[in-house]
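Student: I should like a close look at a single helix of this chain, followed by the packing found elsewhere in the model. Please take the helix before the rest.

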Amino acid sequence: MNHSPQVTLPQGMTRRDVIAVISEVGRDLKLSAAAVYILTKLIGSTSAKDWAEPGAEPVFYGTQETMAERCHLTARQMRSHERTFERCGLLIRDTKANGAREAGTGRGLVFTPLKARFADLLALRDQKRETTNRIKELKSLRSVRLRRMKEGIARISPEALDDEVIASILARYNAWPRSDRLHSLGIDQLERHIQDATDLCEELEERLENLPESSCEPAISFRSLLQEDNQKNPSVICNASVDEKSAGKPAHSDLLRSEPSGSDDCRENECGVESGVINPTLEALMQPEQLFKLASDDFQTALALRTNRITTEAIIDAAHDMLTPLGINYSAWRAACGAMGRHAAALCILVLDANRDHPQTPVRNPGGFLRGMIRAQKRGNLNLTGSLIGLQRRRG
């Protein structure tokens, strides 16, 4: 009995693809985990050729008792699952009055309805993946906001805790949902939370700037991005002849060394050795506007899509938005933020992204390169300043 001779799977799809999609979206069809397992076993027992050929009907001819035994179920439980699949529009139970199935007459569990719906199930799978990736992206962005908030809180002086605005900000911060509950919020609510978190971070930073008793200076344990330690070593790193090569080689030695090769006539130390301050040229290089100019077109676009203001936080957000296009796992981003701070992690993204088009040693694997920078940071060998100077020279 032919139920729909025109039914066909999307081009290139096979029975294996059907099983994979059902395994992924079965719960979205209101099927239990056990039902999804049984359904995939039934599909796997049909002819693969009938799924691939246009107009052919995939049919399961086995008996309920045999399949029930394979799946460690009773015949009654198997019969209940078959009825569920029929109600869900995934198959047609075309059997004799006594439930018998015959390959010769084409009677059995006919999966033509599932074959006809497969394109829709494929779209459902893609939508589900997109939603999952978006939630993962938003959760990662929330971690950026969380770090930013904690950095702001660390700057609050004991006297400022009595300020009503500060107290209100801290109360709202304490009401943030826990990280392990973000997935249950859904995309819309999570996006609203991210926006509220962004506004709260900005409110705290603005309040700290306006409090007369707040110095707004980083804690003494804060590690400078320029690898400066004026208390122990008043000199600055010499970058007179920094190698302009980018990353791309396995060792990444040119970008990650702690002390770029210098020359005897270096002028940079003359500016900083006596005063213990950063060379003004280096300080200017770290300004958001200058960093924006060094960034790739993609990075600049990512920033522009968020805001028309070029700030440190905008640079950090743009770096976060570049993770997916660069193929960088969010776990690597979190590790970078933990190892060197949000700002330095963002500059790592800016550097490796900008060096993807390096004429001699382009960055082929941004994710692996970032993890290499994290390892260099932990060894004390990371030199972002030298990397940025090399990038600036290459930009002309």
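Tutor: The account below begins with one helix and then turns to aromatic pairs and nonpolar cores. The model is predicted, with local features requiring pLDDT of at least 70 and side-chain atom pairs counted only at pLDDT 80 or more, while totals for chains, interfaces and linings use all residues. Residues are numbered from 1 along each chain as its sequence is written, and side-chain values use heavy atoms, with hydrogens and water left out.

The helix is H5, residues 75–87; helices (H or I, at least four residues) and strands (E, at least two) are DSSP runs numbered from the N terminus. The end C-alpha atoms of H5 are 19 Å apart, which agrees with the 18 Å that its 13 residues should span at 1.5 Å a residue, the expected span being 1.5 Å times one less than the number of residues.

Met78, His81, Glu82, Thr84 and Phe85 are the buried residues of H5, where buried means under 20% relative accessible area, exposed over 50% and partly exposed in between (1.4 Å probe, protein chains only). These residues cover an arc of only 160 degrees around the axis, so they lie on the same side of H5; the arc is that of the directions from the helix axis to the C-beta atoms. Arg76 and Arg87, on the other side of H5, are exposed. The cover over the buried residues includes helices H2 (33–44) and H4 (64–70) and strands S2 (92–94) and S3 (108–110). After H5 comes Gly89, with a positive phi near 75 degrees.

Aromatic pairs are the next topic. Rings of Phe, Tyr and Trp (its six-membered ring) pair if their centres lie within 6.5 Å; planes under 30 degrees apart count as stacked, over 60 as edge-to-face and the rest as tilted. By this rule there are two aromatic pairs. Trp51 and Phe111 form a tilted pair, 6.2 Å centre to centre with 45 degrees between the planes. This pair links distant parts of the chain, 60 residues apart: Trp51 belongs to helix H3 (residues 48–52), and Phe111 to the loop between S3 and helix H6 (112–154). Trp51 and Phe111 are both buried. Tyr173 and Trp176 form an edge-to-face pair, 5.1 Å centre to centre with 70 degrees between the planes, and both are buried.

A nonpolar core is a set of buried Ala, Val, Leu, Ile, Met, Phe, Trp, Tyr and Cys residues joined through side-chain atoms within 4.5 Å. In the largest, of 52 residues, Phe299, Trp333, Ile349, Leu370 and Leu388 touch the most other members. Helix H17 (residues 342–354) gives this core its largest share, 10 residues.

Definitions and conventions
Contact = heavy atoms within 4.5 Å.
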